Amino acid sequence: MSIQNQTKLNIGLFGFGVVGESLYKVLEQTPTLNAHISKVCIKHPEKLRNAPASLFTTDAETLLNDPNINVIIELIDDSDAAYSIVTRALTSRKAVISANKKLIAEHIEELIGLQRQYNVPLLYEAACCASIPVIRNLEEYYDNDLLQGISGIVNGSTNYILTKVFREKKTFADALLEAQLEGFAESNPALDIEGTDAVNKLSILLAHAYGVIVHPQSLLHNGIQQLKAEDAAFAKEKGYEIKLVARAKKLQNGKIAAFVLPQFVVGEDQLYTVNNEYNGVVIESSLADKQFFYGKGAGGFPTASAVLSDLSALRYNYGYEYKKLSNNNTAAITSDFHLKVCISFKDLLQVPHDSFERIIEWSSNENRCHVTGIIHCSELVNSKWWKQPDVSIIVYPNGIIENYRPGKTNAGVNLELAEQLV
Ligand code: HSE
């Protein structure tokens with residue numbers, strides 16, 4: 001349905017959690033937007049809400065069948081329920097705004113199809129990096145040929161925890177609890193901690209940056225759950241900090257290397273300055289070098305600000321065109337590259353020696369061993385040893401290595417020597 005400039009936006013809102021309530025408050029104070037929440041569908045009517053009781057219902061059909069509601073905003077955390085709401089709304093030709101990363105990432109192909117079939121927009125700027133307008137920029141501004149890479153801190157909760165644990169010496173459990181109390185974390189915080197939320201966002205960014213549709217679970221990823229205090233100490237010795245980074249890089253053969261892994265970040269890297277619940281995205285383009293987007297990546301008002309921006313975009317009939325996808329682009333994800341990584345572990349038996357193409361550096365004390373080496377990405381994709389609770393993996397800055405040829409890189413110790421050093 002096309003929404004004319006003067007048409008009132010009558011909103012059916014699903015969810016009244018941290019983001020939904022923030023959006024409600026903001027809309028109350030922004031009458032100029034000519035947007036009004038007609039009804040809010042909630043799951044728990046027993047909860048006390050800071051809005052008139054008449055606004056709420058538990059019946060989704062009341063919103064989906066109301067012909068006066070021309071926009072559905074979906075801000076719930078159950079991605080299966082969100083799938084049915086969003087698909088129903090699109091097939092009913094209602095414009096939809098969603099902040100649901102998991103839903104969009106896992107169903108983007110079908111959701112693109114529905115938008116085209118029913119000629120209605122689905123906007124989801126809030127699904128990646130909350131207040132940072134990264135999706136619309138990747139979609140509109142960056143031509144695929146110019147876009148060399150993206151590095152981003154895209155999950156506010158894990159960044160908050162890493163800041164609190166490594167800089168402020170809080171415990172992991174306390175930092176996580178704070179992230180939950182502040183409303184940054186997912187209802188199931190394992191989605192944050194284990195890198196699932198970040199890889200969902202990376203998969204959405206890949207669609208808009210390169211026109212690549214890839215299921216998030218098929219991308220190489222890990223979270224911060226295995227990192228140890230000794231890893232932070234090792235990083236500090238070398239002048240690094242550890243951040244959870246989503247990375248995509250266009251290789252010389254046109255294919256895309258993409259993963260989410262903890263990474264050492266150097267002081268000169270813009271991502272080094274991104275702390276607490278802030279997100280940051282560095283876009284590398286062949287002409288403009290680097291551009292840095294920075295802003296709050298989680299929380300009620302920052303996320304509501306992106307929803308608000310999508311609402312106002314509906315005024316001028318904005319919808320994603322997925323141009324890079326339509327251009328019959330041949331970009332594809334590849335595992336055919338090497339990574340320079342640090343593997344940290346306690347027991348040598350946990351790490352198969354032949355996983356490394358080369359070992360560059362080895363250090364150990366009574367608590368921990370740190371091995372720096374070169375590993376082929378497919379070794380990580382096809383094995384699980386590096387996911388053991390007592391093993392961690394951290395990628396080095398500029399850690400993606402193309403066309404690696406054994407013996408042609410910087411001098412380092414070989415595997416046999418490393419074994420003798422244990
Ligand atoms: N749990 C998410 C985060 C919320 O911490 O980034 C915003 O997507």
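1. Helix α3 covers residues 79-91, where helices are DSSP runs of H or I of at least four residues and strands are runs of E of at least two, numbered from the N terminus. Its 13 residues should span 18 Å at 1.5 Å a residue, and the end C-alpha atoms are 18 Å apart, which agrees; the expected span is 1.5 Å times one less than the number of residues.

2. This is a predicted model, in which local features need pLDDT of at least 70 and side-chain atom pairs count only at pLDDT 80 or more, while totals for chains, interfaces and linings use all residues. Residues are numbered from 1 along each chain as its sequence is written, and side-chain values use heavy atoms, with hydrogens and water left out.

3. Within α3, the buried residues (under 20% relative accessible area, 1.4 Å probe, protein chains only) are S79, A82, I85, V86, T87, A89 and L90. Their cover includes the strands β1 (9-14), β4 (71-74), β5 (95-98) and β6 (122-123), together with the helices α2 (60-64) and α4 (101-118).

4. At the start of α3, a side-chain oxygen of D78 comes to within 2.9 Å of the backbone nitrogen of D80, and just after the helix R93 adopts a positive phi of about 60 degrees.

5. The protein as a whole has 14 helices and 16 strands. Its radius of gyration, taken over C-alpha atoms, is 23 Å, close to the 22 Å that the globule rule (2.2 Å times the number of residues to the power 0.38) gives for 422 residues, so the protein is as compact as a globular protein of that length. Buried residues make up 56% of the 422.

Notes. Buried means under 20% relative accessible area, exposed over 50%, partly exposed in between (1.4 Å probe, protein chains only). Contact means heavy atoms within 4.5 Å. A polar contact is a pair of N or O atoms within 3.5 Å; within protein, one must be able to donate a hydrogen and the other to accept it, and residues adjacent in sequence count only if both atoms are side-chain atoms.
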